[in-house]
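Please walk me through this structure, one kind of feature at a time. I would like to learn how each is read before seeing the case at hand.

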Amino acid sequence: MKDMNETELADSQESIHFKNTGASDLFDRAATIQKLLSENGAEISVEEIEAKLKEMTEIFKVPAAEAQRSVTNAFLKKYGISKTKVFAGKGSAVTKKIAEINAMAGMPDAWVNFTGKVIQIWDSTHESIAQAGLVGDETGIIKFTIWSSTEINPLELNKTYDFKNVVVKSWNDKASITLNKAATIAPAAEEIVTVKAGETILSDSKDRTNELRTVAELQQGGIWTDLKANIVQLFEKTHESIAFAGVLGDETGTMRFTVWKTSEIENIEAGKSYLLKNAITKEWNGNIAVEINRAGKVEEIDEEIVAKASVFELCGCAVDIQAGSGLIRRCPECNKVMTKGMCTEHGKVKGKYDLRIKAVFDDGSEAHETIINCELTQKLLNIELADAVMMATETLDPECINDIIKKEFIGKYYVVRGAKTDRYIIVENVERAEPIDANRISQLKDCLMEELDRKNDAEKIENGEIRNDEIRVGENRDIEKDIEEMEELKSSDFEEFEKILNSIEAEDEGIEEDEEIEIEEIKVI
Amino acid sequence: MPGYFREIAVRMFAKEMKDSDLIYREEEEQYAPQYVLTPTGAKANRILISGVLTEVENIGSGTEYYRARISDPTGTFTVYAGQYQAEAARFLAEAETPAFVTVIGKVTAFKTDDGNTILSIRPEYIQNADEKDRDLWVAETAEKTHERIIAAETETNENIKNALEHYSPEFSEYRKMIIQALEAISSN
Ligand SMILES: [Zn+2]
């Protein structure tokens, strides 16, 4: 038993060492808490608060957001400060025009009321976000986000609403509106007719006309185009807001594509040819992909488009190097791989040497068998065929190349592209996978938090701790619930949140940030 | 390719493996592959893990038999390698700790005298890794585990039915586990 404890202890120290908790993040959280406490007459040093947060996150491995909430509440309790009092001030919303709200950028979060017209609704990439888009009034436009936890009815495009008790957040000197459970939205008595900088960017563009281009002509992001292509591959697992994703191609090349659910396109099959209308290109890590959003259409065509090559792509971990890898000999007559100096057809022949890798890449859903040819193998191992022959001769061990291959590949993540045959993927390109995308992590984290929250609410309602209507009804709302909600939002890493929004924005009808500004400037002049 | 089947390397965190004790074979034969069914409904014969090698001990008497501990953000895996895993044993004999490693191996079950089932890993491969691959593994394992939880909550099949019946899992606990793992890699 004693042994066990010591080992556990050593373990926890070990993982602390490797956890590399971002100190700046904790420091920011500590500063936020310090400020809040100071405003309420309790002077505690940031260092002391940070130490508490560190203890929570590193020793007890509590997520930082949870730690912040728990430390805040612990101090409030210790100094006898009423939570209701602390947050009550923040709950009194003032009615403002959107221009005034935009002017609040750079200031701490605040509550406001306003009346606005929904001028854009964006495709949501994430189930934690019910809706996001732009609202405007005669003074300006602003981004809004409605969290799924709110149960607010979906807003309709071009309708005017009264927004009450919404939170103004600010990031990178831009303000935006967030709607949490405290918010109420009701149709406005009077419709807003002119939205400043709004109307010109509204039109849904299913009817726009584009040039018909080939895959090879789509070399950059942001091009609106029509495209005739064959669906080469459909990815099995995609995002809940994506209807179809995969690889398409024509005689000039292949590229990735995404069809968003908002396009309302219901049927796309691999192997069939389609005319894509109002597609837009996007650039991701230097690769160009084509997307179909709300403005896009896809029509099956009789014409048979033949994709340049049947390309298959996967990202997975190299989990095995199969027998028949490394230095092999082929029959000079039929090119078949020889075993023990014999060709199955031509018997004992003097074989010619070749290098190849038969690697298995596992993506957690499937184990893909691949064959990497001599040219690629030489490049990947940085060994010429002649050197490999020499090494095998010197060591009298043809397997020695296999050890090098295993050391090099096993356990590492790769992006592999190639032509798929019945069993093997004949590899055309293999590259180490890109480092993990912070966005991917934060989205999943938000999603899990949201699911936990939903569950928590459901349980509380079931246990009679809160009444269902208290969550939504503005006047009777449970202030403590609001506080929690607000803290939740505050503690969710805002930078990551902004990234989610930006990624949503990226799927918007191609209206880039600077375009918006341009329009606004013209109006002002 | 008829007759050919390779077991997928299942992704699971150490905590989920530690919580697992439902072992079964699909056929009665001695050499039929053995699987562990986990609380979130993963059916695993082979697994892939990437973490920090924290401890190696030679526990063999006479022959070399190594026990290694590999940490992920949620707990610790135990890996055993002896004469039948010669390359892995050689790696462990020379390994320095702490170090990032990746292991591909088979799940093995061991019943203690008091009837508890303890799972460990018999490595096919164990190799040095870098932090980048470890982070990719954590992200991928987080996604796969999340997918399994969602499936277990919304779908039904033989594995999910058996897992729910055997473990009555508290999925919020596993959601918190995933968050914990993600925080460990997103905080640098
Ligand atoms: Zn031959």
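The dialogue below takes up the interface, salt bridges, aromatic pairs and charges over rings.

Q: What should I know about the model and its numbering before I begin?
A: This is a predicted model, in which local features need pLDDT of at least 70 and side-chain atom pairs count only at pLDDT 80 or more, while totals for chains, interfaces and linings use all residues. Residues are numbered from 1 along each chain as its sequence is written, chains are lettered from A and ligands numbered from 1 in the order in which they are written, and side-chain values use heavy atoms, with hydrogens and water left out.

Q: How many residues of chain A and chain B are in contact, and what area is buried between them?
A: Contact means heavy atoms within 4.5 Å, and in this sense 49 residues of chain A touch 51 residues of chain B. Buried area is the accessible area (1.4 Å probe) that two parts lose on being put together, summed over both; here it is about 4,600 Å², with 57% given by carbon and sulfur atoms.

Q: Which residues is His146(B) in contact with, leaving aside its neighbours within four places in sequence?
A: His146(B) belongs to helix H3 (residues 131-154) of chain B, where helices (H or I, at least four residues) and strands (E, at least two) are DSSP runs, numbered from the N terminus. With those neighbours set aside, its contacts are Leu444(A), Cys447(A), Leu448(A), Glu451(A) and Ile178(B). His146(B) has a relative accessible area of 9% and is therefore buried, given that buried means under 20% relative accessible area, exposed over 50%, and partly exposed in between (1.4 Å probe, protein chains only).

Q: How is a salt bridge read, and how many are there between chain A and chain B?
A: Side chains of opposite charge can pair when their charged atoms come close. The rule asks for a side-chain nitrogen of Lys or Arg within 4 Å of a carboxyl oxygen of Asp or Glu, and it gives 8 salt bridges between chain A and chain B, against 30 over all chains of the whole structure. One of these pairs is Arg11(B) with Asp362(A), whose closest N and O atoms are 2.9 Å apart. Arg11(B) lies in the loop between strand E1 (9-10) and helix H1 (14-18) of chain B and Asp362(A) in strand E19 of chain A, so the pair joins two chains.

Q: Which other residue meets Arg11(B) in a salt bridge?
A: Arg11(B) also meets Glu140(B), at 2.6 Å from N to O. This pair links parts of chain B that are 129 residues apart, Glu140(B) being in helix H3, and Arg11(B) and Glu140(B) are both buried.

Q: How is an aromatic pair read, and how many does the rule count?
A: A pair of aromatic rings is described by the distance of the centres and the angle of the planes. Rings of Phe, Tyr and Trp (its six-membered ring) pair if their centres lie within 6.5 Å; planes under 30 degrees apart count as stacked, over 60 as edge-to-face and the rest as tilted. The count is 8 aromatic pairs over all chains. The ring centres of Phe114(A) and Phe163(A) are 4.6 Å apart with the planes at 0°, so this pair is stacked, whereas Tyr161(A) and Phe163(A) pair edge-to-face, at 6.3 Å centre to centre and 75° between the planes.

Q: Where does the charged end of Lys43(B) sit?
A: A charge sits over a ring if NZ of Lys or CZ of Arg is within 6 Å of the ring centre and within 35 degrees of the ring normal. The charged end of Lys43(B) is over the ring of Tyr35(B), 4.4 Å from its centre, and Arg432(A) lies over the face of Tyr414(A), at 5.7 Å from the ring centre.
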